[in-house]
Amino acid sequence: MSDKLELLSPDLLDEERPVVTAIAGLARELRVGLGWHYLLDLAWILRGLPIEPGMTVLDAGAGYGILQWYLSDRGVKVVSVDRSDRASVPLRFRSRYPVRGLQPGDVSTVVRSLGGEVRRGRPAFDSGRYARGVFERLTRSETRRKRGTVTFHRSELGRMDMIPSESIDQIVAVSALEHNDPQELPGVVQELLRVLRPGGSVSATLGASATHDWFHEPSRGWCYTEPTLRHAFGLPEGVSSNYGRYDDIMSAVRASAELRDNLAALYFRSGNNGMPWGKWDPQYLSVGVLRSKNGHEPVSSDDAG
Ligand SMILES: C[S@@+](CC[C@H](N)C(=O)[O-])C[C@H]1O[C@@H](n2cnc3c(N)ncnc32)[C@H](O)[C@@H]1O
């Protein structure tokens, strides 16, 4: 796959129907609410991602997002990095997936809910031993043996000291890098490229703007122009882009009944999100950026601002 910048059109839903169906089904099963454009983002990323059991994929700004679980189901070793605190990862994830990077103390909530009632009144109850037992069972279950490990790291993407250089086969980022302002973004990309092995790629989806960089307050994310993304990812003019079709693709997104009619429940609960009060009114497009680690000049440290 060649490097590119690609605004995501709703045509992707039909072009990648089996993946779209699989992702939507997994999201229902795991009760993960998908952002309004996430099926486009995920279809685009997975279309270009070579997936092999045993390979290492860094999910940058993973949160509890669906892609890391989808990849683990396919035997991929996921390195899941986010600045947010995920010590209390819900039981529905850690009972099914081999989540690493958690400590026995993290299961205190589970111990309370599973053990508190049945053990009440037993004088010699050793809560530490019980917690370790629960932790072992949660992290070593037979049923999860074929799934790839999902190792959580709490870290800034711009400074991942715990990850050795050139140790990661591929990097994905679903609607995450846009939470970095245009001056910070090159530094984040530079750090992603440091940990990526030569020949690997960064596949990221971000918010896109036709005219100027602007901050979408409800989703607290940036929408970037083509020049800003070219600069941040070190993509020269020769690398293809369809930003010239911004207005056409925006019209297609606004007219997409499938996207409109499948808005996640989370949007209807508040006005403080990417689609306030669930009213279908897309304000920006999503853009996929593919940047391989070869060919182009690396993003220079001066760019990190
Ligand atoms: C909108 S959420 C998307 C989460 C996930 N990728 C998904 O598909 O649901 C964006 C996430 O990116 C993380 N993030 C953004 N920039 C980051 C940075 N510079 N360092 C660490 N985490 C970052 C945020 O903490 C947040 O959890």
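**Exercise 1. Follow the ligand's nitrogen atoms to their partners in this predicted model, then find how much of the ligand the protein covers.**

Solution. Let's begin at L157, where a backbone N or O atom sits 2.9 Å from a nitrogen atom of the ligand. Next, turn to G61: here too a backbone N or O atom is involved, at 2.8 Å from a ligand nitrogen. At R83 the side chain takes part, with an N or O atom 3.0 Å from a nitrogen atom of the ligand. Each of these pairs falls within the 3.5 Å cut-off for a polar contact. Now the cover: on its own the ligand has 590 Å² of accessible area, and the protein covers 83% of that. To finish, look around the ligand: 14 residues surround it, and the closest are G61, D82, L157, V174 and N180.

**Exercise 2. Describe how helices α3 and α4 pack.**

Solution. Start with the geometry: the axes of α3 (residues 38–48) and α4 (residues 66–73) come within 11 Å and cross at roughly 35°. The crossing is right-handed. Then list the residues in contact: α3 supplies L42, I45 and L46, while α4 brings I66, L67, Y70 and L71. Finally, sort them by class: seven are nonpolar, with no polar and no charged residues.

Notes: Residues numbered from 1 in each chain as written. Predicted model: local features only at pLDDT ≥ 70, side-chain atom pairs only at ≥ 80, totals over all residues. Heavy atoms only, no water. Axes fitted to C-alpha atoms, helices over the stretch in contact; angles between N-to-C directions. Helix = DSSP H or I, 4+ residues; strand = E, 2+ residues; numbered from the N terminus. Left-handed = near helix turned anticlockwise from the far one by under 90°. Contact = heavy atoms within 4.5 Å. Nonpolar A, V, L, I, M, F, W, Y, C, P; charged D, E, K, R; others polar. Near = heavy atom within 4 Å. Polar contact = N/O pair within 3.5 Å; in protein donor to acceptor, adjacent residues only side chain to side chain. Areas by Shrake-Rupley, 256 points an atom, 1.4 Å probe, with all protein chains shown as cover.
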